[in-house]
Amino acid sequence: MAGNTFGKLLQITTFGESHGASIGGILDGVPSGLSIDIESIQSELDRRRPGTSQLTTARKEHDIVEIFSGIIKNEDESLITTGTPVGFGIQNNDAKSKDYSYLKNAYRPSHADYTYEAKYGLRDIRGGGRSSARETACRVVGGAIAKQLLFAASKVEISAYVERVHDISVPFPPAYFERSVIDENIVRCPSKDIADRMIQRIEDVKNTGDTVGGSIVVVAKNVPSGWGEPVFDKLEADLAKALMSIPAVKGIEVGSGFSGTLMKGSEHNDAFRTDKVGKVNTETNRSGGIQGGISNGEEIVLRIGFKPVSTIKKEQNTVNRDSEEMKIIGKGRHDPCVLPRAVPIVEAMVALVLGDHLLRQRSARL
Ligand SMILES: Cc1cc2nc3c(=O)[nH]c(=O)nc-3n(C[C@H](O)[C@H](O)[C@H](O)COP(=O)(O)O)c2cc1C
């Protein structure tokens, strides 16, 4: 397979480039009988959409999802899945391909220009082609349906927030925040004071033609114990692959992550206990809700690291297609910091993985 499909029982395939006529996908494996809230899919897309605040690229896309198959209307006009592939599309409206003509010959440092040509021998220079984060809109559609499946099946809820921009971070440990709290400010950080500082930092670097990265925390609650496979498809392995496939993601931590490497076993272990009704849980959650690749019933907690956007409006050294050294300055419309727009993408990828493992767990025992 050419890497455009992800998942085993709940499987998403995406197609399309940044500056083509449209992008879209197929979500296969959604069981029949799932009530679909189309407004909630659209609202997830709206969260990812560019051009919604001064912190995002000025590209203005309407990003209206069209469903082509797999969902029908009940007599009362409500929507329900049929069990067949859910096909969907989103038109590209605001593609300014001439913004990219300067890339015909030159490779942007740390972008995908050089490596795409190394692989295919040619590349679609318009907007970065398939390396553009435009493709992630399709993941958000698939993830929004997966979220509805997860909630209907197990009341699973997934929520992500911006924990750090550059060196400005929230002082509290990872926690679950309602979307209403996260979306209260344009940087999607649950602390207003810290959010104001993050926004200032993004504007400052934007004004100098530069970019910054940071980290996002995602928490999934109500995931029952038992999801995940024991060897190659460990839950954290599938989550790491899903999250690392988001453009600009360079690292992922599960639970205590790298900070856990500084602790002793006696400090790090999550002691088991029972609650008032005899249900097993743990006193702490340094495992991030996953042990042996299988969920243990605690919240799933992950941290995802994003690099600074590589297209900067400063002069940099590069080479052209003839391997001649030259200078390049980024042009076109770019995000100075992708973190706020990446929040719904992170949630979507976690939902797709958990949705897949929900279905896999249903086939695991009698
Ligand atoms: C929401 C989002 C928006 C992005 N916007 C831009 C952008 O405007 N300009 C840019 O150079 N990279 C942007 N990126 C990152 C590039 O797509 C990515 O760095 C590039 O494909 C190279 O891949 P890599 O960084 O994963 O190695 C964005 C990423 C995300 C998640």
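Leaving aside residues up to four places away in sequence, asparagine 93 touches Glu61 and His62 in this predicted model. Asparagine 93 sits in the loop between E8 and helix H2 (113-120), and at 41% relative accessibility this asparagine counts as partly exposed. Another asparagine, residue 74, comes 19 residues from asparagine 93 along the chain, yet the two C-alpha atoms are separated by 32 Å.

The loop that follows H2, running between H2 and H3, holds arginine 134. Arginine 134 is buried, at a relative accessible area of 4%. Its side chain meets that of aspartate 63 in a polar contact of 2.7 Å.

Next comes the sheet. Five strands make up an open sheet, ordered E10-E9-E11-E17-E12, with antiparallel pairing. At the edges are strand E10 (168-169) and strand E12 (249-254), each of which pairs on one side only. Further in, strand E11 (residues 214-221) and strand E17 (residues 300-306) run antiparallel and are joined by seven bridges. Within that pairing, valine 217 stands opposite arginine 303 in E17.

Two helices lie across this sheet. Helix H6 (residues 235-244) lies across E12 and E17, and runs at about 155° to E12. Helix H8 (residues 339-362) lies across strand E9 (157-165), E11 and E17, and its direction makes an angle of about 145° with E9.

H6 and H8 also pack on each other. Two packed helices are described by the angle between their axes and the distance between the axes. For H6 and H8, the angle is about 145° and the axes are 9 Å apart. Their crossing is right-handed. On the H6 side the contact is made by Leu235, Asp238, Leu239, Ala242 and Leu243, while H8 brings in Val346, Met349, Val350, Val353, Leu354, His357 and Arg360.

Arg360 turns up again in a salt bridge, with aspartate 356 as its partner (3.7 Å, N to O). Arginine 360 and aspartate 356 are four residues apart in helix H8, so about one helical turn separates them. An α-helix has 3.6 residues a turn, so residues three or four places apart point the same way. Both arginine 360 and aspartate 356 are buried.

Helix H1 (residues 38-48) is another element worth a look. At its N-terminal end, aspartate 37 acts as the cap, with a side-chain oxygen 3.1 Å from the backbone nitrogen of glutamate 39. The buried residues of H1 are Ile41, Gln42, Glu44, Leu45, Arg47 and Arg48. What do the buried residues of H1 pack against? Their neighbours are strand E4 (35-36), strand E5 (65-67), strand E8 (86-91), helix H3 (136-154), helix H4 (179-182) and H8.

Two of those H1 residues, Glu44 and Arg47, belong to a network of salt bridges that also links Lys147, Arg179, Asp183, Arg188 and Glu347. One pairing in detail is that of arginine 47 with aspartate 183, whose closest N and O atoms are 2.9 Å apart. This pair links distant parts of the chain, with arginine 47 in helix H1, aspartate 183 in the loop between H4 and helix H5 (192-207), and the two positions 136 residues apart. Which of the two partners is buried and which is partly exposed? Arginine 47 is the buried one, with a relative accessible area of 3%, whereas aspartate 183, at 27%, counts as partly exposed.

Side chains of opposite charge can pair when their charged atoms come close. The structure holds 29 salt bridges. Among them is the one between glutamate 117 and arginine 321, where the closest N and O atoms are 2.8 Å apart. Glutamate 117 lies in helix H2 and arginine 321 in the loop between strand E18 (316-319) and strand E19 (325-328), so this salt bridge ties together parts that are 204 residues apart in sequence. Here glutamate 117 is buried, with a relative accessible area of 11%, and arginine 321 is partly exposed at 42%.

How values were computed: Residues are numbered from 1 along each chain as its sequence is written. This is a predicted model: local features need pLDDT of at least 70, side-chain atom pairs count only at pLDDT 80 or more; totals for chains, interfaces and linings use all residues. Side-chain values use heavy atoms; hydrogens and water are left out. Two strands pair if DSSP finds at least two bridges between them. Contact means heavy atoms within 4.5 Å. Axes are lines fitted to C-alpha atoms, for helices over the stretch in contact, and angles run from 0 to 180 degrees between N-to-C directions. Buried means under 20% relative accessible area, exposed over 50%, partly exposed in between (1.4 Å probe, protein chains only). A polar contact is a pair of N or O atoms within 3.5 Å; within protein, one must be able to donate a hydrogen and the other to accept it, and residues adjacent in sequence count only if both atoms are side-chain atoms. A salt bridge is a side-chain nitrogen of Lys or Arg within 4 Å of a carboxyl oxygen of Asp or Glu. A crossing is left-handed if the near helix is turned anticlockwise from the far one by less than a right angle, and right-handed if clockwise.
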